[in-house]
Amino acid sequence: MREFQSKKDVMIIGGMSTTKIAERFGTPVMVTDESALRENYRAIYKAFNDKFPTRINYACKANTNLSILRILEQEGSCIDAVSIGEVESCLRAGFVPERILYTGVSVSDAEMRAVAERRVPINVDSVNQMHRLAGMNPKHPISLRVNPDVGSGHSQKVVTGAKGAKFGIPKEEIIAAYAEAIELGFLPRGLHAHTGSGGRDPAVFGRVTEVMVEIFERIRSELGLKLEFLDIGGGMGIPYRPEEEIMDLDAVAAEVASKLKGSGVRTLVIEPGRYIVADTTVLLTKVNDVKSTPVRDYALVDAGFNTLIRPAFYDSYHPVAVANRFGHAADVKYDVAGPICESGDYLAKERMLPRVQVGDLLCVYDVGAYGFAMSSNYNSRPRCAEVLVLDGKASLIREREKVSDMFRHQKVPARLRE
Ligand code: LLP
């Protein structure tokens, strides 16, 4: 959880008053601090690259805003993309194809062809997919994704590396898959795995690296193929709750590097999404109503799970503050809930906050990863605006949707128009 300053009781982000941002751009609005983004990128790059030559493939599923992609392109990041939409977003943001690695699951021929035509390397998820790609271009740059039988994650829903998960080629079949790749004419460049997202155990990264180094060495000794890179995926967690500790990146990197030493691996690839963007962004949301029930008190705001689904979907915790009475004594317990017509719609439960009034501005922290990216139009609510702040200046980086935008792709058959 990032520390924020205040001025005359108003929370500040990137040198800007949160109440001024809310007045100027409306609410709900997600506000990203550009300096924090650059800092996070540099911190994770340095932690790993100081210990082993490392390429960062930012997992852009966390946040594909073009301005955020531009900043990371400037910083020298590369990309983990999972769909043609993400590939196109990154190309548009200025990434050259070699800086993108496409890692899809359940990949259609049409999507794979589109990715291949854009000369973006493909990380193959199954032997079947590899055969289909060979039919298109057996010289296309590929790597293979293994299911390492090492899983982690903040929720069962995001564990990807455990045995039986739908991702990758089972570890027992991976050597045969490389042999087949070579037979088909490919020259595989790397090996990939991803254990899961937001786990908090640093030892997992060492374990998965160990499994992968063993596979790397078998590929070299049994097939005579020397891969260029090992990609251990993303999953570096951040502390969302105040009592959680920050993940010691230096320790994680040292653990991973110790397993790679002397292995012949030239480049380590990591795919952090959350670590780079999560704490760069806050959600500002206005209090529409305050309600006391015999059981609990509610602060009812203008953002619900249409805007931030993580609490409702994963029971995730995001810190909340009253931005216009920042640092005041917290003496009332609230559930913070939104305008969606389901009782599962909430942003925070049982939080002690200063007494809240209609018109107050609440700030929900750490929404930069999987915040906007997972937002929806449920209940026909337009998606929120996004703003970038730097040195006391704010720029709109995504317009708030309008109700009319939601009609854009709908067609009403002539017979229903009368
Ligand atoms: N690489 C691969 C292949 C992935 O599938 C993912 C995330 C990442 C990298 C990045 O993981 P990260 O460093 O961000 O943990 N919506 C969920 C998270 C889903 C992550 C899916 N895959 C959430 O809001 O927590």
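A residue counts as buried when its relative accessible area is under 20%, and as exposed when that area is over 50%, with partly exposed in between. Keep this in mind for the views below, which come from a predicted model.

**View 1. F4 and Y365, two buried rings that meet edge-to-face.**
Both partners of this pair, F4 and Y365, are buried. A search of the whole structure finds four aromatic pairs. The ring centres of F4 and Y365 are 5.2 Å apart and the planes stand at 85 degrees, so this pair is edge-to-face, a label for planes over 60 degrees apart. Where do the two residues sit along the chain? F4 belongs to the segment before β1 (6-7), while Y365 is in the loop between β19 (361-364) and β20 (385-390). The pair therefore ties together parts that are 361 residues apart in sequence.

**View 2. F313 and Y314, another edge-to-face pair.**
In this view the ring centres lie 4.9 Å apart and the planes make an angle of 65 degrees, so F313 and Y314 are edge-to-face. Is each of the two residues buried, partly exposed or exposed? F313 has 39% relative accessibility, so it counts as partly exposed. Y314 has a relative accessible area of 16%, which means that Y314 is buried.

**View 3. Helices α2 and α3, packed at an oblique angle.**
Two packed helices are described by the angle between their axes and the distance between the axes. Here helix α2 (residues 34-49) packs against helix α3 (residues 66-75) at about 40 degrees, and the axes are 10 Å apart. That angle makes α2 oblique to α3. The crossing of these two helices, α2 and α3, is right-handed. On the α2 side, look for E34, L37, R38, Y41 and R42; on the α3 side, look for I68, I71, L72, Q74 and E75. Sorted by class, the contact of α2 with α3 has five nonpolar, one polar and four charged residues.

**View 4. Helices α5 and α6, with a right-handed crossing.**
Helix α5 (residues 109-117) and helix α6 (residues 127-136) pack at an angle of about 55 degrees, and 11 Å separates their axes. Which word describes how α5 and α6 lie to each other? They are oblique, because angles from 35 up to 65 degrees are neither roughly parallel nor roughly perpendicular. The crossing in which α5 passes α6 is right-handed. From α5, the contact uses D109, M112, R113 and A116, and from α6 it uses Q129, R132, L133 and M136. In the contact of α5 with α6, four residues are nonpolar, one is polar and three are charged.

**View 5. S197, a buried loop residue and its neighbours.**
You can find S197 in the loop between β11 (190-192) and α8 (203-223). Its relative accessibility is 11%, so S197 counts as buried. Which residues does S197 touch, not counting residues up to four places away in sequence? They are S152, G153, H154, V158, G235, R274 and Y370.

**View 6. E342, a partly exposed loop residue.**
This last view turns to the loop between β17 (332-337) and β18 (348-353), where E342 lies. With 37% relative accessibility, E342 counts as partly exposed. Leaving aside residues up to four places away in sequence, E342 touches F305 and Y378. How far is E342 from V82, C-alpha to C-alpha? The two are 31 Å apart in space and 260 residues apart in sequence.

Methods:
Residues are numbered from 1 along each chain as its sequence is written. This is a predicted model: local features need pLDDT of at least 70, side-chain atom pairs count only at pLDDT 80 or more; totals for chains, interfaces and linings use all residues. Side-chain values use heavy atoms; hydrogens and water are left out. Axes are lines fitted to C-alpha atoms, for helices over the stretch in contact, and angles run from 0 to 180 degrees between N-to-C directions. Helices (H or I, at least four residues) and strands (E, at least two) are DSSP runs, numbered from the N terminus. Angles under 35 degrees count as roughly parallel, over 145 as roughly antiparallel, 65 to 115 as roughly perpendicular and the rest as oblique. A crossing is left-handed if the near helix is turned anticlockwise from the far one by less than a right angle, and right-handed if clockwise. Contact means heavy atoms within 4.5 Å. Ala, Val, Leu, Ile, Met, Phe, Trp, Tyr, Cys and Pro count as nonpolar, Asp, Glu, Lys and Arg as charged, and the others, Gly among them, as polar. Rings of Phe, Tyr and Trp (its six-membered ring) pair if their centres lie within 6.5 Å; planes under 30 degrees apart count as stacked, over 60 as edge-to-face and the rest as tilted. Buried means under 20% relative accessible area, exposed over 50%, partly exposed in between (1.4 Å probe, protein chains only).
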